[in-house]
Amino acid sequence: VAAEFHVAGHIMGSAIVELSITEGSQSRTLVFSGDLGNSCSPLMRDPESIRQADVLLLESTYGDRNHRSPGDTLEEFAGILAQAADTGGNVLIPSFAVGRTQDLIYHLGRMQRDGRLPQSKVFLDSPMAIEASELYARHAKLFNQDDPEFRSAMHEGWEQWLPGLSYTRTADESMALNRIHGGMIVIAGSGMCTGGRIRHHLKHNLWRQRNHLVIVGYQARGTLGRILVDGAKRIRLFGEEIAVKASVHTLGGFSAHAGQDQLIEWAEGFVAPRPRLHLIHGEPQAMTALQQRFAEELAWDAVAPQEGDSVAI
């Protein structure tokens, strides 16, 4: 068995796996997509194309929908930040430590350079996200070539790209942010508000009407993030009931995953004879929708495996 790894474009280091399997005189190739990246990513390279395989395992996380356009998403984001500045409120952004956080810092830095960021104080309040950001900075050569100004600034780190960015590494530094009642942006984990420092910031900020909570990632059912997205008026945090008076916004264009069209476009890169296609890593409705598109538009049978199924290579 030989393994070759190709750029998946999802987060730094993510890979498509190509397995070449030889037994006696027989040889087979299996390709596992891994998490394919969104080709609109501001930092990551596009997923590499693979031309040939006997079996393809394709993720289907967003198999039932496409993402909102980056331009529309950034316009809405800029509007939220301007509204918060007008009312003197804080902006809280729950974010995954790897990938999403770095994309946000990039966008904030670009907005600042374009004169569209009214806030002067941006705090990254997550030890894991700080370490991940520093790792990204050390390997900036792996970024795409879309923004030469950004790549040049990254020689000196994220603070050079986004002046006003501060890292709050310690618990004391994090707690001190709760004494700031307006004018700041806080990016903190966890991305679905299930743990981490964001919960403390929610406790101190959600009940203030002038504040804003910006949801930038998928929120699974049962998570606090999903409860807030669904419009809860009151939540419980640390044994206390908190009124939700802050504005809650959901931005759908920041996903690091390929959308439905991008999944199909990547799979179309395989030449005839097409590989046997198995859909994985997706909710049942996402798999079914993607399966239907492959059948109707490409006459390509996609199997949605059930628990306990086995596949002969």
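The following paragraphs lead through a predicted model, beginning with its sheet and moving outward to the helices, the aromatic rings and one buried histidine.

The sheet is open and has six strands, in the order S7-S6-S8-S5-S9-S12, with parallel pairing. At its edges stand strand S7 (165–167) and strand S12 (247–250), each of which pairs on one side only. Between neighbouring strands of this sheet there is an average turn of 20°, with direction ignored. Strands of a sheet pair through backbone hydrogen bonds, in either the parallel or the antiparallel sense.

Strand S8 (residues 184–188) is a useful place from which to read the pairing. On one side, four bridges join S8 to strand S6 (residues 121–124), and the two strands run parallel; among the residues concerned, Lys-121 has Met-184 as its bridge partner in S8, while Leu-124 has Ile-187. S5 also pairs with S8 in the parallel sense, again over four bridges, and here Pro-94 stands opposite Ala-188. In a regular strand the side chains alternate between the two faces of the sheet. In S8, Met-184, Val-186 and Ala-188 point one way, whereas Ile-185 and Ile-187 point the other way, and all are buried. The strand is accordingly described as mostly covered, with five of its five residues buried.

Two helices can now be placed against these strands. Helix H1 (residues 70–87) lies across strand S5 (91–94), S8, strand S9 (212–215) and S12, and runs at about 165° to S9. Helix H2 (residues 100–113) lies across S5, S6, S7 and S8, and runs at about 160° to S8.

Both helices also contribute to the aromatic pairs, of which the structure holds nine. The rings of Phe-77 and Phe-254 have centres 5.8 Å apart and planes at 85°, and because an angle over 60 degrees counts as edge-to-face, the pair is assigned to that class. This pair links distant parts of the chain, since Phe-77 belongs to helix H1 and Phe-254 to the loop between S12 and helix H9 (260–267), 177 residues apart. Phe-77 and Phe-254 are both buried. A contrasting geometry is found for Tyr-106 and Trp-161, whose ring centres are 5.5 Å apart and whose planes meet at 5°, so that this pair is stacked. Tyr-106 lies in helix H2 and Trp-161 in helix H5 (residues 158–161), so the pair ties together parts that are 55 residues apart in sequence. Tyr-106 and Trp-161 are likewise both buried, and they belong to one aromatic cluster that also includes Tyr-136, Phe-143, Phe-150 and Trp-158. A charge is placed over another ring, with Arg-199 lying over the face of Phe-238 at 6.0 Å from the ring centre.

The last stop is His-201, which is found in helix H7 (residues 198–205). With a relative accessible area of 0%, His-201 is buried, because that class takes in values under 20%. The side chain of His-201 makes a polar contact of 3.1 Å with the side chain of Asn-178. Leaving aside residues up to four places away in sequence, His-201 touches Leu-92, Asp-125, Ser-174, Leu-177, Asn-178, Val-186, Ala-188 and Leu-206. Two residues in that list, Val-186 and Ala-188, lead back to strand S8, from which they point one way together with Met-184.

Key. Residues numbered from 1 in each chain as written. Predicted model: local features only at pLDDT ≥ 70, side-chain atom pairs only at ≥ 80, totals over all residues. Heavy atoms only, no water. Buried < 20%, exposed > 50% of the residue type's maximum accessible area, 1.4 Å probe, protein only. Polar contact = N/O pair within 3.5 Å; in protein donor to acceptor, adjacent residues only side chain to side chain. Contact = heavy atoms within 4.5 Å. Pairing = 2+ DSSP bridges. Axes fitted to C-alpha atoms, helices over the stretch in contact; angles between N-to-C directions. Phe/Tyr/Trp six-rings, centres within 6.5 Å; stacked < 30°, edge-to-face > 60°. Lys NZ or Arg CZ within 6 Å of the ring centre and 35° of its normal.
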